[in-house]
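Work through the exercises below with the sequence and the model side by side, and attempt each task before reading its solution.

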Amino acid sequence: MAGYPLLLPILFTAYQRRLLHEEGKRIWERLLEVETMSGQTGVPVMHAKLLHALPTSRNFDRMTKGVLEVVQLAAAWVNYTEVLLSAIEAIQESMRHINTTTPHARLDYVEKAESVMVEYLEFISQRCKVMLSELQYYYKRGQAQMTALYNYIAKSDAQSTLDISTSSRQIAAASRRDSSAMKGIALLTMFFLPGTYAATFLAMPLFDFSNPSGAPTVKSGFWIYWAITIPLTTIVLVAYLTYLVRIQRRDRLEDHKIVRRLNEDEKGRSTHAVHSADAIRMRSRGKGAVQQLDDAVGRRSRRHWKPRSLTQISIDGRGVRETRFT
């Protein structure tokens, strides 16, 4: 066996098949762990070591990464298995033509070894085909788990939205009840306010109801009440209106800043687009502006320098212009 020409490729193929088997087993265990952790499966837990993954509190980030790992690894190893099967077919094709290149003295030895290697290679090929089917099954099952997990997350989000909506309705109902209570309080205040004001106003020591004639008299200091009340009320109203004006002005300034910032961003994007279009047009010419500038500078450097002579080189849409000042 040691002298068989294709022994090394066959042994390498066997090693790759064993590695493929180990990776498939690891993917299967990872898939079961993710399914057990998410709870989105109808298959009961078959391994005692997966009992720790039973869902107590779901970590959606971990579950999503786990199922994505299963799908990606399964897809990668499916491709690897297909490549390995192609390599096995290439080895089998080489084994059919090896007798034509083997010396006659070693032909009997090669034929005996080949009979064993053909069977062994066929066994490896069948095992790889089985592993290919299993990996494809893992891939599809991982995709199904991913779909179920996303649906579960969407359902949880919908349930959370429904709970928020229910809470909002309860808050709205409570606010309506509070509003009704406040309306009742305001109505009672409006009912008693005129009487309270009249009683307070008449109870001030500015009126004298002990006149023998029976008619109340107003004392001479009654004007002090109005002299204090009217300016104080005016000051309070002016201060409140000033506060409202300042708040409105500040809000308008903030709105103007936001609009100006948005306009500047839009203008910057437009300017960048215009400059890009100009650059494309300049590059599309037969002779670019940069090359024209180099030519103008070269012509100027080859000329004799004259004292008090200046040269201005400018670039515009029509090309490069050279202006000489003496």
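**Exercise 1.** Decide whether Y243 counts as buried, partly exposed or exposed, and find the surface patch to which Y243 belongs.

*Solution.* Begin with the cut-offs: buried means under 20% relative accessible area, exposed means over 50%, and partly exposed lies in between, with a 1.4 Å probe and protein chains only. Y243 has a relative accessibility of 51% and therefore counts as exposed. Next, place the residue: Y243 lies in helix α4, where helices (H or I, at least four residues) and strands (E, at least two) are DSSP runs numbered from the N terminus. Finally, look at the neighbours: Y240, L241, Y243 and L244 form a nonpolar patch on the surface, and together they have about 430 Å² of accessible area. Such areas come from the Shrake-Rupley method with a 1.4 Å probe, and for residues only the protein chains shown count as cover. Patches are made of residues with over 30% relative accessible area and no salt bridge, like charges being joined within 9 Å and nonpolar side chains (Val, Leu, Ile, Met, Phe, Trp, Tyr) within 5 Å.

Two conventions apply to all the exercises. This is a predicted model, in which local features need pLDDT of at least 70 and side-chain atom pairs count only at pLDDT 80 or more, while totals for chains, interfaces and linings use all residues. Residues are numbered from 1 along each chain as its sequence is written, and side-chain values use heavy atoms, with hydrogens and water left out.

**Exercise 2.** Which residues gather in a patch of positive charge on the surface, and in which helix is R249 found?

*Solution.* Take Lys and Arg as positive and Asp and Glu as negative, leaving His and the chain ends uncounted, and place each charge at NZ of Lys, CZ of Arg, CG of Asp or CD of Glu. The patch of positive charge then consists of R246, R249, R250 and R252. R249 is found in helix α4, which covers residues 222-284.

**Exercise 3.** Compare the "transmembrane region" annotation in the UniProt record with the secondary structure of the model.

*Solution.* The unreviewed UniProt entry places this feature at residues 185-203 and 223-245; UniProt positions are in the numbering used here, feature names are shortened, and annotations may be inferred rather than shown by experiment. For residues 185-203, the model gives 95% helix and 0% strand, with 25 Å between the end C-alpha atoms. For residues 223-245, the span is 100% helix and 0% strand, and its end C-alpha atoms lie 33 Å apart.

**Exercise 4.** Trace the salt bridges that involve E23, E33 and E35, and state how exposed the partners are.

*Solution.* A salt bridge requires a side-chain nitrogen of Lys or Arg within 4 Å of a carboxyl oxygen of Asp or Glu, and the structure holds six of them.

- Step one: E23 pairs with R26, their closest N and O atoms being 3.2 Å apart. Both residues lie in helix α1 (residues 7-38), three residues apart, which is about one turn of the helix. E23 is buried at 17% relative accessible area, whereas R26 is partly exposed at 41%.
- Step two: R62 and E33 meet in a salt bridge at 3.7 Å, N to O. Because R62 lies in helix α2 (residues 60-96) and E33 in helix α1, this pair ties together parts that are 29 residues apart in sequence. R62 is partly exposed, with 42%, and E33 is buried, with 17%.
- Step three: R141 and E35 form a salt bridge whose closest N and O atoms are 2.7 Å apart. The pair links distant parts of the chain, with R141 in helix α3 (residues 107-202) and E35 in helix α1, 106 residues apart. R141 is buried at 14%, and E35 is buried at 4%.
- Step four: salt bridges with shared partners join R30, E33, R62 and E69 into one network.
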